[in-house]
Protein chains: 2
Amino acid sequence: MSSDSGAVLDAMRDGIMRGEFVPDQRLVETDLSERFSASRSSVRSALQQLANEGLVERIQNRGARVRAVSLAEAIEISEVRMVVEGLCAAKAAERVTPAEADELREVGARMSAAVASGDVLGYSDLNRSLHRRIRELSGQATAGGVLERLRAQIVRHQFRLAMQPGRPAVSLNEHLAIIHAICSGDPETAEQAARGHLRSVIEALRAYKD
Amino acid sequence: MSSDSGAVLDAMRDGIMRGEFVPDQRLVETDLSERFSASRSSVRSALQQLANEGLVERIQNRGARVRAVSLAEAIEISEVRMVVEGLCAAKAAERVTPAEADELREVGARMSAAVASGDVLGYSDLNRSLHRRIRELSGQATAGGVLERLRAQIVRHQFRLAMQPGRPAVSLNEHLAIIHAICSGDPETAEQAARGHLRSVIEALRAYKD
DNA sequence: CTCTCTCTGATTGTCGCCAATCTTGTGCTA
DNA sequence: TAGCACAAGATTGGCGACAATCAGAGAGAG
């Protein structure tokens, strides 16, 4: 299935998200085609796709560079996430089955354990899992797509945030509140919990103007 | 400035949104390149962009076709619009200046006049203007981009909806409520008004299962 | 008569080349 | 010394040709 251009696309996206390509770094098509041993058109196609995903910036006849997401933009993005994740949480609360509720509670328990044992990386992974699972449970493909795109743009900021001391403890309670509301089948409360969580993220982002 | 590929892109997007290309219609690259007298790579690039905008669907080695947005998908999209437009309305209420408020009220007056005189097309245009202006006033570029993309996908449904008898009268009041809340500088009410309007749109969409 | 296999026509994916455009460094002039 | 015109290098944009892949028709076996 995976054509070559698809492989180049994935490799480049991964490289950007993992930080191998620094923000504002120029992405010269020839260099990339050599680096990934693919043709320049494949690279070109991948660059266009990445531009649409908001990971790179392209200017006419001037090439592409890794998009640097400013703190202000990260806040904007988080605001949109706030309302869309709120929607997903509400819909998830409406549709959740008992089995799925147990699964969510299980994730919550593991998150608590991770925070208790100071496993920041594990907590970060669980965090991502939880948000993804809620998106899936919501059955809202459109919202899911929007959130996926937005998340990719702010992985760097998210990571920095997760590393801030004391942050996991705060976010854990918010996550548990979301889980509880969804498992209770209460859309209103679930939406408010999700929004509250993202509001807290925004506050934390505003906090560090380093 | 406008390169050829950009021209092809705009022409194709316009063609799809204007209905010259029917939903599910196959879009063969060779045909398109001949029709727009452009090279196949330009067409190819445009197709990729349109796929990212959600207007066409592409399958590996199987070509592109105009994406048919089902009623269910239109409802999903409207749900996302509901929360994001709510965000924009709230932020617009926070930032609006007196001059801009007057401008909004002016649009409201023209909408009332259009409905009173049965000018459905004019009302539809004003509707679009209003939503766009609110997006601009919100200063939320991210939300604006999301909404722009979503709107393009459901122009057809929006148009059908606007044509439904009695619909403009209902939506007019909702629009006036949004305008009033924003001009009052009341974010909470503005968000609720915007959400109420979109909720009404969703209801109307659900109504016709023809 | 139906199922499967193969072959063919149509269409997309990839490649290398050339033209168009931008950036940068250089030299001339006031 | 500052400013401007110009040329050279680097990089992107566009094009045609070739290879890879898929859908469908048709032949053959059961």
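The exercises below work through a predicted model and cover its two DNA strands, the contact between its two protein chains, and one sheet.

**Exercise 1. Work out which residues come nearest to DNA strand D, and which part of the strand the protein approaches.**

Step 1. Begin with the surroundings of the strand: of the 19 residues around DNA strand D, those that come nearest are R40(A), R44(A), S39(B), S41(B) and R62(B), so that both chains are represented.

Step 2. Turn next to the DNA atoms themselves, where a cut-off of 4 Å from the protein is applied: 73% of the atoms of DNA strand D that fall within it belong to sugar or phosphate, and the rest belong to bases.

Step 3. Look for individual polar contacts to the phosphates. An N or O atom in the side chain of R44(A) is 2.5 Å from a phosphate oxygen of DNA strand D, while polar side-chain atoms of R62(B) and R58(A) lie 2.7 Å and 3.3 Å, respectively, from a phosphate oxygen of this strand.

Step 4. Assign the surface to secondary structure: two or more residues come from each of β1 (26-27) and α3 (40-52) in chain A, and from each of α1 (4-18) and α3 (40-52) in chain B. The element that gives the most is α3(B), with 3 residues.

Step 5. Sort the surface near DNA strand D by class, which yields 2 nonpolar, 9 polar and 8 charged residues.

**Exercise 2. Carry out the analysis for DNA strand C, and find a contact to a base oxygen.**

Step 1. Around DNA strand C there are 19 residues, and the closest are S39(A), S41(A), R62(A), R40(B) and R44(B).

Step 2. Sugar or phosphate accounts for 70% of the atoms of DNA strand C within 4 Å of the protein, with the rest in bases.

Step 3. The base contact is found at R40(B), where a polar side-chain atom lies 2.7 Å from a base oxygen of DNA strand C. Phosphate oxygens of the strand are approached by a backbone N or O atom of E29(B), at 3.3 Å, and by a polar side-chain atom of R58(B), at 3.2 Å.

Step 4. For the surface near DNA strand C, α3(A) gives the most, with 3 residues.

**Exercise 3. Describe how chain A and chain B meet, from the area they bury to their charged pairs.**

Step 1. Between them, chain A and chain B bury about 2,100 Å², of which 43% is on carbon and sulfur atoms. On the chain A side, Q48(A), E76(A) and T142(A) supply 23% of the area buried against chain B, more than any other three residues.

Step 2. Count the participants: 25 residues of chain A are in contact with 26 residues of chain B.

Step 3. There are 4 salt bridges between the chains, including one in which the side chains of E191(A) and R195(B) meet at 2.9 Å, N to O. Polar contacts join 17 residue pairs between chain A and chain B.

Step 4. On the side of chain A that touches chain B, two or more residues come from each of α3, α4 (71-95), α7 (141-153) and α10 (187-207), and α4(A) gives the most, with 8 residues.

**Exercise 4. Determine the strand order of the sheet in chain A and explain which strands stand at its edges.**

Step 1. The open sheet consists of 3 antiparallel strands in the order β1-β3-β2.

Step 2. In chain A, β1 and β2 (56-59) each have a single partner strand, so they stand at the edges with one side lacking a neighbour in the sheet.

Step 3. As a check on the pairing, β2(A) and β3 (residues 63-66) of chain A are joined in the antiparallel sense over 4 bridges, and I59(A) has G63(A) as its bridge partner in β3(A).

Terms used: Residues are numbered from 1 along each chain as its sequence is written. Chains are lettered from A and ligands numbered from 1 in the order in which they are written. This is a predicted model: local features need pLDDT of at least 70, side-chain atom pairs count only at pLDDT 80 or more; totals for chains, interfaces and linings use all residues. Side-chain values use heavy atoms; hydrogens and water are left out. A residue is near a molecule or strand if one of its heavy atoms lies within 4 Å of it. A polar contact is a pair of N or O atoms within 3.5 Å; within protein, one must be able to donate a hydrogen and the other to accept it, and residues adjacent in sequence count only if both atoms are side-chain atoms. Ala, Val, Leu, Ile, Met, Phe, Trp, Tyr, Cys and Pro count as nonpolar, Asp, Glu, Lys and Arg as charged, and the others, Gly among them, as polar. Buried area is the accessible area (1.4 Å probe) that two parts lose on being put together, summed over both. Two strands pair if DSSP finds at least two bridges between them.
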